[in-house]
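Visitor: Could you take me in for a close look at a single residue, and then show me the protein around it? I would enjoy one connected answer.

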Amino acid sequence: MASIEFEGKRFASFDAETVLDTLLRGGAAIPNACRAGACQACLLRASTGSVPAEARLGLHPALAGQGYFLSCQWKPQEDIVIASAGALDREASILTLQKLSPTVLRVRLRVESEFSFRAGQYLTLIRHDGLARPYSIASLPESGMLELHVRRIPEGRLSGWLFDEASEGGRVRVRGPAGNCFYLPGNPDQPLLLAGTGTGLAPLYGIVQDALRQGHRGGIVLYHGALNDEGLYMREELQALAAAEGSFRYEPVVLEGSAARTGRLEQVIAADHPKLAGWRAFLCGDPAIVAALKKKVFLSGMPLREIYSDPFLPAPCN
């Protein structure tokens, strides 16, 4: 049985138990969300001990080199000393809270110190009590703020707080950014395919803005999927952008409804684009749909190196 020292206290780790599970069981307040090593909300820093490769997977090399690790992915076999990742957090204030639909809230934040990011990456939003969830960034760095699109989750603690209790001027912390689903210049004539469901629109909207800002010349088509018409938030903004930018096309798709094309998102895309050799894709949202989209575009001729994805993993407990 390994011993974990954290903030002056010792915690006994059961066999096959992760660092995160041990600390949470012992009453420590550790931000966490997906517990699958994807969101990076549970970052901690090792003072002693050999961090396994799986606990560093996906981390920026600079973070890994400083001893940071994903506490949900390390099952220690030896006594270790670890510290909080609080030094990575940035204080932020809530600028605006705007309902984009009955179930989607636009949250705009101002960070009080330097916070470098790319539109389309994600950050961890941390409430005063340590409750944390990852959200994608829909804004550009030069906007001077961070824009997030938050979907109300039934019985969701953080989304429910943002919808019902948080107020403009309130304080939160942010950590990050993380993720590699963002626009990179270098091939300005390459056609871009962006597809996602629900608030998977947030990173895609950021990527579209960034590509246009950087003078991308190739065609850009954005497919936004939803269960019904109500789920297609930001339609007017996207239609206006398509009208203003000749290279950009917006395609809303629903499974049931009358105000948009109907059908499964991957089937609609396959019908429109049977051949995708030479394209680049960005796929975001529901993990099952992202997986289906990834398979479809690959089978249509797009190499894996041109497919960037950000599946939104649910938190094990809301």
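**From the charges to one threonine**

Guide: Let's begin with the charges: the protein has 33 positive and 33 negative ones, and their mean positions lie 3 Å apart. Please keep in mind that this is a predicted model.

Now to the part you asked for, and I have picked Thr-22, which sits in helix α1, a helix made of residues 19–25. With a relative accessible area of 1%, Thr-22 falls under the 20% cut-off and therefore counts as buried. Its side chain makes a polar contact of 3.1 Å with the side chain of Ser-13. Ser-13 also appears among the contacts of Thr-22 once neighbours within four places in sequence are set aside; the others on that list are Ile-4, Phe-11, Ala-12, Phe-14 and Glu-17.

Stepping back, here is the setting for that residue. Helix α1 belongs to a protein whose secondary structure consists of seven helices and 17 strands. The radius of gyration is 20 Å, close to the 20 Å that the globule rule gives for 318 residues, so the protein is as compact as a globular protein of that length. Its C-alpha trace spans about 60 × 45 × 35 Å along the principal axes.

As for the inside, 51% of the 318 residues count as buried. Among contacts with a separation of 6 or more, 68% come from residues 24 or more positions apart. On the outside, the protein exposes about 14,300 Å², and carbon and sulfur atoms supply 50% of that area.

Definitions and conventions. Residues are numbered from 1 along each chain as its sequence is written. This is a predicted model: local features need pLDDT of at least 70, side-chain atom pairs count only at pLDDT 80 or more; totals for chains, interfaces and linings use all residues. Side-chain values use heavy atoms; hydrogens and water are left out. Helices (H or I, at least four residues) and strands (E, at least two) are DSSP runs, numbered from the N terminus. The radius of gyration is taken over C-alpha atoms; the globule rule is 2.2 Å times the number of residues to the power 0.38. Buried means under 20% relative accessible area, exposed over 50%, partly exposed in between (1.4 Å probe, protein chains only). Contact means heavy atoms within 4.5 Å. Accessible areas come from the Shrake-Rupley method with a 1.4 Å probe; for residues, only the protein chains shown count as cover. Lys and Arg count as positive and Asp and Glu as negative; His and the chain ends are not counted. The place of a charge is taken as NZ of Lys, CZ of Arg, CG of Asp or CD of Glu. A polar contact is a pair of N or O atoms within 3.5 Å; within protein, one must be able to donate a hydrogen and the other to accept it, and residues adjacent in sequence count only if both atoms are side-chain atoms.
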